[in-house]
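Here are some exercises to work through with the model open in your viewer. Try each task before you read its solution.

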Amino acid sequence: MQKLIYILDDEKEIRKSLRVILEDEEYSVEDFSNGKSLLKALSKERPSLVLLDVWVGKEDGLQILGECKKLYPSLPIVMISGHGTIELAVNATKKGAVDFLEKPLSIEKVIQTIESSIEKTKDHEIPKFQLEVDEILGESPSITRVKFAVYQAAETNARVFIYGENGTGKELTARSIHQNSKRKGEPYIECNCASLPEESLEQELFGTELLSPTESTDVKIGKWEQAQNGTLFLDEVCDLSLSLQSKVLKAILDQKIERVGGKESIPVDVRIIAATNSNVEEAIREGKFREDLFYALNVIPLDLPPLRERNQDIPLLADYYLKKSISENQLPSKTIDREGLETLTSHFWPGNVRELANIIERLSILVPGDTIRAKDVKEALHGFKKANEMVARGDLKHAKEEFERQYIIKTLQICEGNVTRTSKALGIERTHLYRKLRSLNISVDQLIEG
């Protein structure tokens with residue numbers, strides 16, 4: 001999910017400017033003109049960070065800071081002032097502010113401060129912990145936070161909603177929660193909500209109870225019953241039809257299900273873990289996903305970081321998948337040299353860990369000799385050459401666009417120009433993909449003709 005930023009400033013233009021900047025950086029933003037409205041919002045929801053003006057009209061921002069800290073002691077709060085002094089900065093820090101920004105605000109400084117403040121605060125919040133079963137690879141701060149969230153979720157029976165791009169490891173994370181929970185000795189059942197038509201999916205989930213020609217009852221146990229006393233993982237849950245969403249919600253709230261064709265309710269004790277790569281808030285606004293089902297599932301939200309935000313884990317992941325591929329394909333031993341690893345680490349990875357695993361397998365099979373070098377990696381990485389030239393010129397914005405453009409083109413080609421299939425493969429809404437096609441100047445018709 002998007003990180004949520006609260007802004008408190010009595011100057012409308014500053015709130016507007018900050019909102020535009022932060023939304024462009026893909027943050028979710030709420031802004032307030034007085035302390036009362038901010039504190040009311042905080043009583044209902046904890047944002048990722050608060051930008052707080054030192055003086056909000058006649059209100060003292062340092063007093064508001066103190067009130068915020070009473071609600072959330074670890075909440076990162078960045079103070080803003082048009083008349084910054086060392087004494088003011090010291091007082092703000094003593095009251096719990098993580099940083100101090102002076103007006104006029106620098107866009108670059110604002111973004112850097114927000115990013116570093118969220119990172120620093122999260123690191124301080126993680127105590128020592130130990131997972132009994134730890135199959136999630138990585139040692140970066142962001143993946144350590146995921147492991148801690150798994151540890152916390154595993155201690156409870158609460159429902160979990162996992163968010164993340166395609167290839168970030170949602171299935172692995174769900175399984176890890178189950179393996180470390182009190183239900184670990186009971187069934188763990190997965191159901192992909194995008195894999196079947198509505199009628200077939202309903203039967204798959206809830207089972208069937210149909211009268212056979214011999215007048216005997218033919219019963220098929222669905223995945224929900226198969227998971228009795230264990231865990232049911234609903235992957236791509238936003239792809240459920242509205243009518244099925246209603247039945248899933250009823251089953252969650254009542255802890256009972258009815259088989260298709262059956263007349264009796266069957267009690268179920270099942271922990272639900274759901275996952276999506278869709279923008280849930282957008283799906284709710286468009287009427288495609290029930291808000292009440294979202295609240296029922298979203299007891300413990302767990303946001304998985306894309307690989308580009310944890311690139312220090314890439315050498316470890318590359319080594320694991322290289323050894324795995326060599327073993328599975330009975331290949332001679334290979335290593336990746338330092339320059340090759342640096343090339344892997346600098347890639348944007350739109351397909352995340354899944355893309356990395358596929359690239360490593362390709363390299364392990366196709367590269368002759370015992371060493372995988374940078375030139376081998378560059379040839380294997382789709383769209384790398386052109387984007388790398390842009391990075392060398394310091395043109396990061398267009399480099400990212402080129403990675404994205406090449407990745408979408410390749411996916412369209414694989415899906416034979418079918419936009420619906422492509423949007424599902426990319427894990428984005430079809431309307432969002434159409435906007436991407438226009439902004440990146442991609443013509444589906446020309447691709448098909450080509």
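Is Phe148 buried or exposed? Phe148 is buried, at a relative accessible area of 13%. The cut-offs are under 20% relative accessible area for buried, over 50% for exposed and partly exposed in between, with a 1.4 Å probe and protein chains only.

Before going on, a word on the ground rules. This is a predicted model, where local features need pLDDT of at least 70 and side-chain atom pairs count only at pLDDT 80 or more, while totals for chains, interfaces and linings use all residues. Residues are numbered from 1 along each chain as its sequence is written, and side-chain values use heavy atoms, with hydrogens and water left out.

**Exercise 1. Describe the ring pairs made by Phe129.**

Step one: recall what to look for. A pair of aromatic rings is described by the distance of the centres and the angle of the planes. Rings of Phe, Tyr and Trp (its six-membered ring) pair if their centres lie within 6.5 Å; planes under 30 degrees apart are stacked, over 60 edge-to-face, and the rest tilted.

Step two: search the whole structure, which gives 9 aromatic pairs. In one of them, the ring centres of Phe129 and Phe148 are 5.3 Å apart with planes at 55 degrees, so this pair is tilted. Phe129 sits in the loop between helix 5 and helix 6 and Phe148 in helix 6, so to speak a link between distant parts of the chain, 19 residues apart. Helices (H or I, at least four residues) and strands (E, at least two) are DSSP runs, numbered from the N terminus.

Step three: check the surface of Phe129, which is partly exposed at 22% relative accessible area. Its ring also pairs with that of Tyr151, the centres being 5.6 Å apart and the planes at 40 degrees, so that pair is tilted too. Here the loop residue Phe129 and Tyr151 of helix 6 are 22 residues apart. Tyr151 is partly exposed, with 28% relative accessibility.

**Exercise 2. Place Leu131 and list its contacts.**

Step one: find Leu131 in the loop between helix 5 (107-125) and helix 6 (141-154). With 6% relative accessibility, Leu131 is buried.

Step two: skip neighbours within four places in sequence and look for contacts (heavy atoms within 4.5 Å). That leaves Lys147, Val150, Tyr151 and Asn180 touching Leu131.

Step three: try a C-alpha to C-alpha distance. Leu131 and Ile177 come out 9.6 Å apart in space, with their positions 46 residues apart in sequence.

**Exercise 3. Trace the surroundings of Asp53.**

Step one: look up the record. An unreviewed UniProt entry lists Asp53 for "modified residue: 4-aspartylphosphate". UniProt positions are in the numbering used here, feature names are shortened, and annotations may be inferred rather than shown by experiment.

Step two: locate Asp53 in strand 3 (residues 49-53). Asp53 is buried, at 5% relative accessible area. Beyond its neighbours within four places in sequence, its contacts include Asp9, Asp10, Ser81 and Lys103.

Step three: move on to charges. A salt bridge is a side-chain nitrogen of Lys or Arg within 4 Å of a carboxyl oxygen of Asp or Glu, and the count by this rule is 25. One of them joins Asp9 to Lys103, with the closest N and O atoms 3.3 Å apart. Since Asp9 is in the loop between strand 1 (4-8) and helix 1 (12-24) and Lys103 in the loop between strand 7 (99-102) and helix 5, the pair ties together parts 94 residues apart in sequence. Asp9 is buried, at 0% relative accessible area.

Step four: follow Lys103 to Glu11, another salt bridge, where the closest N and O atoms are 3.2 Å apart. Glu11 is partly exposed, with a relative accessible area of 39%.

**Exercise 4. Read helix 14 from both its bridge and its buried side.**

Step one: find the salt bridge between Arg338 and Glu342, at 2.9 Å from N to O. The two are 4 residues apart in helix 14 (residues 338-346), about one helical turn. Arg338 is exposed at 55% relative accessibility, whereas Glu342 is partly exposed at 43%.

Step two: pick out the buried residues of helix 14, namely Gly340, Thr343 and Leu344. They span an arc of only 100 degrees around the axis, so they are on the same side of helix 14. The arc is taken from the directions from the helix axis to the C-beta atoms.
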